[in-house]
Each structure stands twice: as C-alpha cells, then as structure tokens.
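Me: I am new to this structure and would like a close look at a single part of it. Could you take me slowly through one sheet and what surrounds it, and then place it beside the contact between the chains?

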Amino acid sequence: MSTLKTTVISSSFYFYYSLLAIVRQAQYGIQILVMPLLALSVFMAVYAATRMMGGNVKDLFYPFLVYNLINFPLGAVTQISFGTFTNTSYSSVLLATPTSINTLLGRFLGDSWTSLIGNLFGILVAAIIVKPTFHGPTGVAGIFLLLLLIVPSIQLGMAIGMKFIFAHQLSQFILLGFFVILVLPTNVPWLWIALPFTASLHLFANASLSLAPFLYGFIGVILWWIVAKAILLRAYNHYRSGKGVDRR
Amino acid sequence: MKQYIIKANDLQKTYPTKPPVKALQGFSLSVEHGEIVGILGPNGAGKTTFIRILLGILLPDAGEITVGDASPIASPKKVARQIRFVPELPFLNSNWTLWQNARYWFSVWEEAWAPGKVKDLLIRFRLIERADEPLSRYSRGMQQRAGLALALASTAPVIIMDEPTLGLDVLGVQETLDILENTKDQGRTILFASHDMHFVEKLADRVALVAKGRVLETSTAYDFRKKYGQEYVTLRYKLPAQNEIISEQLPVDASYSDERTWNRITKMGGTLIELRRDLQSLDMVVGHYLQQNAY
C-alpha cells in the first residue's frame, strides 16, 4: 500500500472517530462550545480595541480566518507534537509503523481538522459580528491557497515539536499570531511568495480577480510544501540520532 | 541450524547530551524464530534504547542489527511490517472505543481488517463486553491489555513489549501470561523488557541480563538461577511442647547436610513436616549478581 494511501485512510479514520468522540462528549452539555473560545477570545479582544479606536471592524475578519486556517494548525500541532515526542513510548508506537512519520502526519492532520471544525463556530460568530464582504472568485482563490497551506503548516509544527525543547512556549507564542497577521502588508509581491497567506489577504480585499497575487501565492505554497517537508525530514533525522526533544 | 529473526551485534549508542550518556556499549543479542526472550536489567541499563533501535526509531552510533532480512537502520519501514510494539504505557486513544482503536491501528499497520480475529482476542482478554465503550472508562490495566490484544490480533511475526505488566493487577498479569504462553504454539517471536521476575521466569524461554549497555548473560531462567543462585532448604517441623509449625530456611553450603538437620530435630523431639531443597528466586539471584559485579 502506498504511503499516501495509508496516510489518507488512517487520517480519515482519526478525524471521523475524533469527531464522533466530540459529538459523544457534547452529551455532557454546553461544554462543547468552549472549544472555539480560545481563538474567539483573541478575536474579541482585537474587535473591542478596534471599535474603541474607531477602526474598521470589517477588516478583522479575513485575518482571523487566516489565523484559524494557518496559524492554528501550526500552533496546535506544535504543542501536540511536543507532547507526543517527549512521551517516547507513545511516539515510538506510532513511529514503529510502516508509514512511520507519515502516520503522525496523518494523525496531526486529523487533529487539525477536528480543531478547525471546532473553530468553525468561532469563525461563524466572528462573521455574524463583523458582517464581512465576500467577493466570489477572489474569495474562493484566497481560501484555496489557505487550504493548501494547512499541510506544510502541520509539517512545520511537527518539526518544531520534535526538535525544540522550548516548543511548548513557542506554540503559545504562535497562538498570538493573529496580531502579526493584522499588521503584515498585503500588497508586497515577494511577501506573497514568502508568506502566501498575505496573497490570500490581498485576494480577499479585492473584488476583481487579479492573476499576479494568486500565482505568486501559489508558487509560495509549492515552495512551502518542499521546504516544510525538508525541515520535517531533517528534524526526524535529528530525532533518530537522539537529538530530539526526548534527549535525557 | 538455528534461524535467528533478530540479530544485534556490538551496538553502540551515546546520547549527545552534556555530559554524553553511554546507553549501549557493545550490546549483542540474537533471538530465534518463535522464541520468547525476556530482557532483565536495572534502570538505565539500555533496555529501552535497544528496543528503540530495534524499532528503527533511534540510530546506533556503531554496530549491526537485523530483523529478518531487513535492517532497522536502513529499512525501518520494512522492519515495521514485521514488528508490533506494545509500550509500557497505554497507547490507544482514550476518547475512542476499542473497536474504533482497532480499526485505526489496522489501517496504520497496513493490515487487512480482521474483525473476527480481533473479536476472538477481545473475548480471551475479557474485553469484548466493553469494546463499544470509550477507553477513558477503562482501568489502566484494561487499557494496557487492550493494546496487547490488538498487537496480538495483527499478523506480524514479532511482538516487542516494554514492561508489559506495568500497572496490571495480579489477575491481569496472570491473564496476560496465559494468553502469551498460548501464542508459543503460533510460532510468534516475543521480545520483552520487564522488571517483573515472576512474569519473566514464567514466560521467557531465555532471559538476557543487561547492565551498563551490554548483555552480560543469556540463558534460561532456571540455568541462571542454578549457575549464580544459592541452593537453600525449606524446613518445616513441629516441637512436642508447641502447637505452632516452625519454618526455617537454611543455605546449602559446605557445612550443611540433610542428615545433620534431621538429627537436630529428632534430638529436640520434633516431628519433621517438610524438608525441601530449592534454588533462590530469580529476583534474588539477579539482585546478588548485579551487586557482586558492581552494576
């Protein structure tokens, strides 16, 4: 069986069973609503500050969407990866499988989708509050780029979690990435390549579909797929040499 | 001619910490097809490091290791198809049911889904009635048994276990022992590390005593006890003036003889109930051996 097939199948099982577990836990009441509160509380703080300063609250929505689709897989996976790799018995049982590191990738992908489902509530609440403007073709192109960035985000998060002993603290810092996204320029071509979500933000802000930001962003996505995979493999080689987060 | 499925030769591993930790220093061990080998040794002896190298998760600095015809250093994926690993802590997802866990792990192991075989194992492990409940409702021992049951339900020829009895109650240990003893007929190779000497002695065809990163001895548990353990006599007798049965344990050394012991009791007017020669238990022998050799 190919690695990709195994990863996709196992990840689908992981996502489906995790979702069933969440639904089952929802029987215990409104605790299920707590899931998106972490991200939503960051959004609400910025929303309140923007209103107080007389700013345009509509401008907050798409950075928040980016934050959920990119930064959250990166930050949450960094944390989960760190927890997994510091627990050597748990990481060993997952790595000692035919697809090895991809088993974990599938697992974290499942975790990310599960957390994104939870965050969907937060995104909906944010959309209801600020009523953002959505431009059809550009909006779809922007979301397409963001979805493609999920896998490299997870790979980066995995690499950080297995390599750096301060990964836990770093993941908390990443969770504050919303503020960084808000201040980044969205009309710089080289930044569309370096950080493709800035291309998405540019697309979201424009009604007419311009090919340049999409193409630059797409090139950036492809580069991130290559770079993140290379970083992950390097981090795993370090881990196998005994230079990971589990070192004594 | 012996056919080895696991062969490790002169493995060296130093963790790149400050200061560096020498975990393996010439670790060599061979395991035959269908053999059950228990690895014994104090904490920090190198047992887990060896297991992680065997699984292909950790790279040795030097030495050779093969599982079947594959090397976990060069072809970890090929090795992973032959091995199922059961760690010392429950590894299944506690939010899922046992059936869901089983389905997930079979997909990860790239094995054809075999619900019938899983069901048989769950019946034998007395888990079937609760197999539709999330594992968070299981006791720690049940979760551990569940992990072992899934590993045994797979078709992999080699099972590696790290502390399989950790957290199990007396009944759980006995059940695990019974099931693993039954797998002997299936020709499955089992390699496990444990501090539970009773479990090791009951299950293992051969024990490997490990200390300071290398294998010091390999033999059957009985041969090890016989070679390094002291023989002793358990004596039970009753004196005329006393109602209680008196028990004594005497070392069998140069000055001991059954006849002298018999005469001593007879002189006191006592009645001998039992005189039984035995070897020291494995935990005592291993403890003494490690102390005497300054490990």
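Reply: What follows goes through the open sheet of chain B, then a hairpin of that chain, and lastly the interface with chain A. Please keep in mind throughout that this is a predicted model.

The sheet in chain B is built from 6 strands, which follow one another in the order β5-β6-β7-β3-β8-β9, and it is an open sheet with mixed pairing. At its edges stand β5 (83–86) and β9 (214–219) of chain B, and because each has a single partner strand, one side of each is left without a neighbour in the sheet. On average, and with direction ignored, neighbouring strands of this sheet are turned by 20° against each other.

Within the sheet, one pairing deserves a closer look: strand β3 (residues 36–40) of chain B runs parallel to strand β7 (residues 189–193) of chain B, and 4 bridges hold the pairing. One residue to look up here is Val37(B), whose bridge partner in β7(B) is Leu191(B).

Helices also meet this sheet. Helix α10 (residues 282–292) of chain B packs on the sheet and touches β3, β8 and β9 of chain B, with a direction that makes about 30° with that of β8(B). Helix α8 (residues 221–228) of chain B, for its part, lies across β8 (206–211) and β9 of chain B, and runs at about 100° to β9(B).

Chain B also has an antiparallel pair, in which strand β10 (residues 231–238) is joined to strand β11 (residues 245–251) by 7 bridges. The connection from β10(B) to β11(B) is a hairpin of 6 residues, and Tyr232(B) has Pro251(B) as its bridge partner in β11(B).

Turning to the contact between the chains, 38 residues of chain A are in contact with 37 residues of chain B. The area buried between chain A and chain B is about 3,300 Å², of which 58% is given by carbon and sulfur atoms. The count of salt bridges between these two chains is 0, whereas 7 residue pairs, with both residues at pLDDT 80 or more, are found in polar contact across the interface. On the side of chain A that touches chain B, the elements that give two or more residues are α1 (3–25), α4 (88–95), α5 (101–130) and α12 (211–240) of chain A, and the largest share, 12 residues, comes from α1(A). Sorted by class, this side of chain A has 16 nonpolar, 15 polar and 7 charged residues.

Notes:
Residues are numbered from 1 along each chain as its sequence is written. Chains are lettered from A and ligands numbered from 1 in the order in which they are written. This is a predicted model: local features need pLDDT of at least 70, side-chain atom pairs count only at pLDDT 80 or more; totals for chains, interfaces and linings use all residues. Side-chain values use heavy atoms; hydrogens and water are left out. Contact means heavy atoms within 4.5 Å. Buried area is the accessible area (1.4 Å probe) that two parts lose on being put together, summed over both. A salt bridge is a side-chain nitrogen of Lys or Arg within 4 Å of a carboxyl oxygen of Asp or Glu. A polar contact is a pair of N or O atoms within 3.5 Å; within protein, one must be able to donate a hydrogen and the other to accept it, and residues adjacent in sequence count only if both atoms are side-chain atoms. Ala, Val, Leu, Ile, Met, Phe, Trp, Tyr, Cys and Pro count as nonpolar, Asp, Glu, Lys and Arg as charged, and the others, Gly among them, as polar. Two strands pair if DSSP finds at least two bridges between them. Axes are lines fitted to C-alpha atoms, for helices over the stretch in contact, and angles run from 0 to 180 degrees between N-to-C directions.
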